[in-house]
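Reader: Please show the sequence and the model, and then take me through the strand pairing, the empty spaces and the packing.

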Amino acid sequence: MRLILNMILHLSQCLSEVDLEAIKATINDVSFHDGQSTAGRAAIQVKQNQQADMVEIAGILKLVEQRLLANDLFVQSTYPQQFVRMLLSRYQPGMSYGTHIDEALINKQRTDISFTLFLSDPNQYKGGELVLEDSSGERSWKLDAGDLLLYPSTFLHRVNEVTEGERLVIVGWVTSRVREPNQREILFDMEQSLRQEFNQNGKTAQYDRLSRVRNNLLRQWLDR
């Protein structure tokens, strides 16, 4: 796990080698179409990629959802109410996705958190970095196969052009039971502090105080 400001979270090995091999074997027989079919009015002008047929990859997406919901850090950082949508995207040489922001509503559901789950080994393609933009500048990401980058859907971002090889990713959006990113970050920090205190010292008075604060914040911030 690697945590960056504004609750950008790098989660390692969300998928096992067995999962990755099974997914890649399935992808060999999957149909792809122009990715612009799922782009918003503005994003369609800068989106150049391909997306897998949703019916054909239903099993893959179900597996990914199961793995993420079983991932303690994913659940702690997202407080997921539901997965809004997941897509399997492919970038081949010359393809990119210019600067855009994810739609606030997809399938009439609010998008609070976006994620990119990398399926391709980073050494197997050139370019294709995921770049997040904020007032401090830009940060780029090109993770190992099976790793996931999680970030608030409020970020402008892009995918740099792939110049060689093939970039395969699953992108998705989550509606959180805690709407505000800063609140999710506070709760995440509280949970990590609670676990550290318990692991080092057991159920102490300090643990009880931290637990009271965390649970009372949850009562205030959770969407019903």
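Author: Questions and answers on these topics follow. This is a predicted model, in which local features need pLDDT of at least 70 and side-chain atom pairs count only at pLDDT 80 or more, while totals for chains, interfaces and linings use all residues. Residues are numbered from 1 along each chain as its sequence is written, and side-chain values use heavy atoms, with hydrogens and water left out.

Reader: Which residue in strand 13 stands opposite leucine 130?

Author: Helices (H or I, at least four residues) and strands (E, at least two) are DSSP runs numbered from the N terminus, and two strands pair if DSSP finds at least two bridges between them. Strand 12 (residues 130-134) and strand 13 (residues 137-141) run antiparallel and are joined by five bridges. They form a hairpin with two residues between them. Opposite leucine 130 in strand 13 stands tryptophan 141.

Reader: What is the bridge partner of phenylalanine 83 in strand 17?

Author: Strand 6 is joined to strand 5 (residues 50-52) by two bridges, in an antiparallel arrangement, and there glutamine 51 has serine 89 as its partner in strand 6. Strand 6 also pairs with strand 17, in the antiparallel sense, over 10 bridges. On that side, the partner of phenylalanine 83 is valine 174.

Reader: How much space lies in the largest pocket, and which strand gives the most to its lining?

Author: A pocket, on a 1 Å grid over the protein atoms alone, is an open set of points with protein on both sides within 12 Å along at least five of seven lines; a cavity is a set where a 1.4 Å probe fits but cannot get out, and lining residues have an atom within 4 Å of a point. Grid points are joined across faces, edges and corners, and a volume is the space filled by probe spheres set on the points. The largest pocket holds about 390 Å³, and of its 31 lining residues the closest to the centre are Lys47, Tyr97, His100, Asp102 and Trp173. With five residues, the strand that gives the most to this lining is strand 17.

Reader: How many charged residues are in the lining of the second largest pocket?

Author: Ala, Val, Leu, Ile, Met, Phe, Trp, Tyr, Cys and Pro count as nonpolar, Asp, Glu, Lys and Arg as charged, and the others, Gly among them, as polar. The second largest pocket has about 160 Å³ of space, and Thr111, Asp112, Ser153, Thr154 and Arg179 are the closest to its centre among 13 lining residues. For the largest pocket the division is 15 nonpolar, 11 polar and five charged. The second largest has three nonpolar and three polar residues, and the charged ones number seven.

Reader: Which element supplies the largest share of the lining of the largest cavity?

Author: One cavity of 30 Å³ or more is counted, and the largest cavity has about 40 Å³ of space. Met7, Ser77, Thr78, Ile113, Leu150, Tyr151, Pro152 and Arg184 line it, of which five are nonpolar, two polar and one charged. Helix 3 (72-78) and strand 14 (148-152) each supply at least two of these residues. The largest share, three residues, comes from strand 14.

Reader: Is arginine 184 buried or exposed?

Author: Arginine 184 lies in helix 4 (residues 181-201). Contact means heavy atoms within 4.5 Å, and beyond four places in sequence arginine 184 touches Met7, Ser77, Thr78, Asp112, Ile113, Pro152, Ser176, Val178 and Arg179. Buried means under 20% relative accessible area, exposed over 50% and partly exposed in between (1.4 Å probe, protein chains only). Because its relative accessible area is 2%, arginine 184 counts as buried.

Reader: Which helix gives the most to the largest nonpolar core?

Author: A nonpolar core is a set of buried Ala, Val, Leu, Ile, Met, Phe, Trp, Tyr and Cys residues joined through side-chain atoms within 4.5 Å. The largest has 31 residues, of which Leu88, Phe115, Leu119 and Ile170 touch the most other members. Apart from it lies another core of 22 residues, including Phe118 and Trp173. In the largest core, five residues come from the element that gives the most, helix 2.
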